[in-house]
Amino acid sequence: CLDCDPGSYSNESWSSCLACSTGRWGASPGMAKCTACLAGRWSDATGQVELGSCRLCPSGTFQPWPGADAVSWCLPCEAGRWNGAEGASRCTDCPLGRASDVLGATVEAVCEACPVGRSALPGLARCSLCPAGRFAEFEASGWCDGCPSGRFGPSEGAMSNRTCFPCPQGYWTLSEGSSSCSGCSAGQINTNDAASSEGVCVEHGASSMLM
């Protein structure tokens, strides 16, 4: 290799030195290649000789790739994420039970608690209504609890277990989080409320014999 100055490079087959390209830098003489700017940084200048020439992406953005050659590589944090530091390679998720629809957020305070009847996993733009059969009775819930077996919840966005109703006589449900109950087979009946097993269904007429 040629004894190239810092900020330039060459290889064995070249007769001259080339300046380090944008997105790269070189601190030592005689280099065969230049060093890429780290993720979270960028440089639109050639011939740079130090890491500090790679500029930091601003807060509220992230840049996951090495060798960026323009500030346009610094992308705004997506909804559901935020970043308060310069030079970030990734943004931080809103925590469990909180969400944000703000792009390019720089503070966690944009992540708002889910109201009752809704929940959110980390990094989401909005809280989701609890599906039928489930409920969330507290703010900032990360999940919705299921109605117990033998009960069903017919409505979305339920805010307490009081919306979980017992299966009526002739019906049952084994699973937690049910939105409806299953009926006994034709010719069968059960006389129990909140039945949690098909085993309570007996042949019509046999129920009186069991009493």
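Select Trp25 to begin: in this predicted model, its relative accessibility of 16% falls under the 20% limit, so Trp25 counts as buried. The residue sits in strand β3, which covers residues 24-25. If you display its surroundings and set aside residues up to four places away in sequence, you will find Trp25 touching Cys20, Cys34, Thr35, Ala36, Cys37, Gln48, Val49, Glu50, Leu51, Ser53 and Cys54. For a sense of the span of the model, draw a distance from the C-alpha atom of Trp25 to that of Glu139, which is 114 residues away along the chain; the separation is 50 Å.

**Aromatic pairs**

Move next to the aromatic side chains, where the count of pairs comes to 2. One of these is formed by Trp65 and Trp73, whose arrangement is edge-to-face, with 5.9 Å from centre to centre and 80 degrees between the planes. Trp65 has a relative accessible area of 41% and therefore counts as partly exposed, and Trp73, with 31%, is also classed as partly exposed.

**Salt bridges around Arg81**

Now select Glu78, Arg81 and Asp93 together, since these residues are linked in a network of salt bridges. Side chains of opposite charge can pair when their charged atoms come close. A search of the whole structure finds 2 salt bridges. Starting from Glu78, you can follow a salt bridge to Arg81, in which the closest N and O atoms are 2.9 Å apart. Continuing from Arg81, a salt bridge leads to Asp93, and here the closest N and O atoms are 2.8 Å apart. This pair connects distant parts of the chain, with Arg81 in strand β9 (residues 81-82) and Asp93 in strand β10 (residues 92-93), 12 residues apart. With the network still selected, colour by accessibility: Glu78 is partly exposed at 42%, Arg81 is partly exposed at 26%, and Asp93 is partly exposed with a relative accessible area of 28%.

**A nonpolar patch**

Switch to a surface view and pick out Leu96, Leu121, Leu124 and Trp143, which form a nonpolar patch on the surface and together have about 410 Å² of accessible area. Within this patch, centre the view on Leu124, which is placed in the loop between β13 (118-119) and β14 (128-129). Leu124 has a relative accessibility of 32% and so counts as partly exposed.

**Two alanines with positive phi**

Return to a backbone display for the next two stops. Most residues other than glycine have a negative phi, and most peptide bonds are trans. Against that background, select Ala140, which is not a glycine and yet has a positive phi of about 60 degrees. Ala140 is found in the loop between β15 (134-135) and β16 (145-146), and its relative accessible area of 30% makes it partly exposed. Then select Ala194, for which phi is likewise positive, near 60 degrees, in a residue other than glycine. Ala194 belongs to the loop between β21 and β22, and with a relative accessible area of 28% it is partly exposed.

**From Ala194 to Asn190 and Gln188**

Stay in the loop between β21 and β22 (202-203), where Asn190 also lies. Is Asn190 buried or exposed? Its relative accessibility is 2%, and Asn190 therefore counts as buried. Show its side chain and look for a polar atom that lies 3.0 Å from the backbone nitrogen of Asn192. Leaving aside neighbours within four places in sequence, the contacts of Asn190 are with Gln169, Gly170, Tyr171, Cys184, Ala195, Val200 and Cys201.

The last stop is Gln188, which lies in strand β21 (residues 188-189). Which residues does Gln188 touch, not counting those up to four places away in sequence? They are Cys201, Val202, Glu203 and His204. Cys201 is thus a useful residue to keep labelled while moving between these two views, being in contact with Asn190 and touched by Gln188. At 24% relative accessibility, Gln188 counts as partly exposed, whereas Asn190 is buried. To finish, draw a distance between the C-alpha atoms of Gln188 and Phe135, which are 53 residues apart along the chain and separated by 32 Å.

Methods. Residues numbered from 1 in each chain as written. Predicted model: local features only at pLDDT ≥ 70, side-chain atom pairs only at ≥ 80, totals over all residues. Heavy atoms only, no water. Helix = DSSP H or I, 4+ residues; strand = E, 2+ residues; numbered from the N terminus. Buried < 20%, exposed > 50% of the residue type's maximum accessible area, 1.4 Å probe, protein only. Contact = heavy atoms within 4.5 Å. Patch = residues over 30% accessible without salt bridge, like charges linked within 9 Å, V, L, I, M, F, W, Y side chains within 5 Å. Areas by Shrake-Rupley, 256 points an atom, 1.4 Å probe, with all protein chains shown as cover. Salt bridge = Lys/Arg side-chain N within 4 Å of Asp/Glu carboxyl O. Polar contact = N/O pair within 3.5 Å; in protein donor to acceptor, adjacent residues only side chain to side chain. Phe/Tyr/Trp six-rings, centres within 6.5 Å; stacked < 30°, edge-to-face > 60°.
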